[in-house]
Amino acid sequence: MNVDTERIKSLIAKYNNQQHALISILQDIQAEYHYLPKEALEITSQTLNIPLIDIIGVATFYRSFSLKPKGKHQVVVCMGTACHVRGAPKILEEFERKLNIPCGDTTPDGEFSLESVACLGCCAIGPVVVVDGNYHAQTTIRKIDSILKKYKKKEKDNDGK
Ligand code: FES
């Protein structure tokens, strides 16, 4: 991925090049690229005068950061105990089959990333699947096609505008 050096520098400058703003800067970079490209981390390292290894340490510590490219749509399947006993493993398997990728990966066209999570804190409505921050309650294998279609459709609608 090509990183716009000036853009990264201006994101950092928003925080007056302050080292203590590192997490906010990483959040802004991730919001822009959907992950943390290595080149962007190198620019951050030079600008803030923080060793690259320390920045990578922070980026790997927080689950919300990703060093791997993510898809346009993030599919998260809850695999916590309550969702697990209500069939989450079969739901995750079906997403893997439909998207043709293992959990933790991104489709080759860059459309979807698939992840699992321990518990989303809303066990009563499980099994829960979250796509781009939207919660899908009591998910069943039958609902998976319509969930995916909805996000594929959004794309088409936006293209048509
Ligand atoms: S176990 Fe899935 S929301 Fe808690």
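**Figure 1. Asn-100, an exposed residue with a positive phi.** Asn-100 is exposed, because its relative accessibility is 66% and the exposed class begins over 50%. This description, like those in the legends that follow, refers to a predicted model. Asn-100 belongs to the loop that runs between α6 (88–99) and β2. Its backbone angle phi is near 60°, a positive value in a residue other than glycine.

**Figure 2. His-34, a partly exposed loop residue.** A second positive phi in a residue other than glycine is that of His-34, near 70°. The loop between α2 (22–33) and α3 holds His-34. With a relative accessible area of 38%, His-34 is partly exposed, since this value falls between the limits of 20% and 50%.

**Figure 3. Overview of the protein.** The protein contains seven helices and four strands. Along the sequence, these elements follow the pattern α-α-α-α-β-α-α-β-β-β-α. Along the principal axes, the C-alpha atoms fill a box of roughly 50 × 40 × 25 Å. Of the 161 residues in the protein, 39% are buried. Among contacts with a separation of 6 or more, 59% join residues that are 24 or more positions apart.

**Figure 4. The packing of helices α1 and α3.** Two packed helices are described by the angle between their axes and the distance between the axes. Helix α1 covers residues 5–13 and helix α3 covers residues 38–48. Their axes lie 10 Å apart and form an angle of about 50°. The two helices α1 and α3 are therefore oblique to each other, as an angle of this value lies outside the ranges for roughly parallel, roughly antiparallel and roughly perpendicular. The crossing of α1 and α3 is right-handed. From α1, the residues in contact are Thr-5, Ile-8, Lys-9 and Ile-12, while α3 contributes Ala-40, Ile-43, Thr-44, Thr-47 and Leu-48. Sorted by class, this contact of α1 with α3 has five nonpolar residues, three polar residues and one charged residue.

**Figure 5. The packing of helices α3 and α4.** Helix α4 spans residues 52–61 and packs with α3 at an angle of about 125°, the axes being 9 Å apart. This angle makes α3 oblique to α4. The crossing of α3 and α4 is right-handed. On the α3 side, the contact is made by Lys-38, Leu-41, Glu-42, Thr-44 and Ser-45, and on the α4 side by Leu-52, Ile-55 and Ile-56. By class, the contact of α3 with α4 has four nonpolar, two polar and two charged residues. Thr-44 takes part in the contact of α3 with α4, and Thr-44 is also listed in the contact of α1 with α3.

**Figure 6. Ser-113, a buried residue in strand β2.** Ser-113 is part of strand β2. It is buried, because its relative accessible area is 4% and the buried class lies under 20%. Leaving aside residues up to four places away in sequence, Ser-113 touches Lys-70, Gly-71, His-73, Gln-74, Val-75, Asp-105 and Thr-106. Ser-113 and Val-76 are 37 residues apart in sequence, and their C-alpha atoms are 8.3 Å apart in space.

**Figure 7. The loop between β2 and β3.** The loop between β2 (112–117) and β3 (129–131) includes Ala-124. Ala-124 has a relative accessible area of 65% and is therefore exposed. Pro-127 also has its place in the loop between β2 and β3. The peptide bond that leads from Gly-126 to Pro-127 is cis, with omega near 0°. Although Ala-124 and Cys-83 are 41 residues apart in sequence, the distance between their C-alpha atoms is 8.8 Å.

**Figure 8. The buried cysteines Cys-78 and Cys-83.** Cys-78 counts as buried, because its relative accessibility is 2%. Cys-83 is likewise buried, with a relative accessible area of 2%. A disulfide is a covalent bond between the sulfur atoms of two cysteines. How many disulfides does a search of the whole structure find? The search finds zero disulfides.

Key:
Residues are numbered from 1 along each chain as its sequence is written. This is a predicted model: local features need pLDDT of at least 70, side-chain atom pairs count only at pLDDT 80 or more; totals for chains, interfaces and linings use all residues. Side-chain values use heavy atoms; hydrogens and water are left out. A disulfide is a pair of cysteine sulfur atoms within 2.5 Å. Buried means under 20% relative accessible area, exposed over 50%, partly exposed in between (1.4 Å probe, protein chains only). Axes are lines fitted to C-alpha atoms, for helices over the stretch in contact, and angles run from 0 to 180 degrees between N-to-C directions. Angles under 35 degrees count as roughly parallel, over 145 as roughly antiparallel, 65 to 115 as roughly perpendicular and the rest as oblique. A crossing is left-handed if the near helix is turned anticlockwise from the far one by less than a right angle, and right-handed if clockwise. Contact means heavy atoms within 4.5 Å. Ala, Val, Leu, Ile, Met, Phe, Trp, Tyr, Cys and Pro count as nonpolar, Asp, Glu, Lys and Arg as charged, and the others, Gly among them, as polar.
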